[in-house]
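User: Could you take a close look at one part of this model for me? I'd like a connected account of a single stretch and its surroundings.

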Amino acid sequence: MLGCHVVGLAIAVGLFMMRDLRLLGFFQGISYESLDSLRNLGWTGFIINAISGLFLFTSQATVFIVSMPFLLKIGMIFLAAICAAVIQNKLRDEGLQWDSSGAVAGNVRTIAVVSTAFWIGAIISGRLIAYI
């Protein structure tokens, strides 16, 4: 089950982080339209991660439910998913315009920074569960 969790993490966080970094000006050779086409794959990875995470949680629910790193991880994942949905909606609606103009709205960039921070925080919190 842990293997499925890692694969889901790699797919979801990898694609969402790539998209966020593109919005922040990195990887300029990748069009916004092509990133939008990977939306379903990213959410599939997220679902794989959620299902495998639920099974991993049930193995030690009484330990995890009082673990501060676990609670932080879940909170950050929840907030990162909201950011991802907002960005995906903006990308779907305005991606072609961004590709042609080369400019992304400042509020979308801000959300991308926050999203990146939440994903990194969730990964760090997840790693700390075993130690704290």
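Analyst: Happy to! Let's begin at the surface: Met68 counts as exposed because its relative accessibility is 53%, over the 50% cut-off. Please keep in mind that this is a predicted model. Met68 belongs to helix H5, and together with Ile65, Val66, Leu71 and Leu72 it makes a nonpolar surface patch of about 490 Å².

Helix H5, spanning residues 68-101, also leads us to the part I'd like to look at closely, since the buried residues of H6 pack against H5 as well as against helix H1 (2-23) and helix H3 (39-59). H6 itself has 23 residues, and from its first C-alpha to its last it reaches 33 Å, close to the 33 Å expected at 1.5 Å a residue. Its buried residues are Val108, Ala112, Ser115, Thr116, Trp119, Gly121, Ala122 and Ser125.

Of these, Thr116 makes a nice place to zoom in. Thr116 sits in H6, which runs over residues 106-128. With a relative accessible area of 12%, Thr116 is buried, because that value is under 20%. Its side chain reaches back to the backbone oxygen of Ala112, at 2.8 Å. Leaving aside residues up to four places away in sequence, Thr116 touches Met17 and Asp20. Another residue to compare in sequence and space is Arg19: Thr116 and Arg19 are 97 residues apart in sequence, while their C-alpha atoms are 9.7 Å apart in space.

Conventions: Residues numbered from 1 in each chain as written. Predicted model: local features only at pLDDT ≥ 70, side-chain atom pairs only at ≥ 80, totals over all residues. Heavy atoms only, no water. Helix = DSSP H or I, 4+ residues; strand = E, 2+ residues; numbered from the N terminus. Buried < 20%, exposed > 50% of the residue type's maximum accessible area, 1.4 Å probe, protein only. Contact = heavy atoms within 4.5 Å. Polar contact = N/O pair within 3.5 Å; in protein donor to acceptor, adjacent residues only side chain to side chain. Expected span 1.5 Å × (residues − 1). Patch = residues over 30% accessible without salt bridge, like charges linked within 9 Å, V, L, I, M, F, W, Y side chains within 5 Å. Areas by Shrake-Rupley, 256 points an atom, 1.4 Å probe, with all protein chains shown as cover. Salt bridge = Lys/Arg side-chain N within 4 Å of Asp/Glu carboxyl O.
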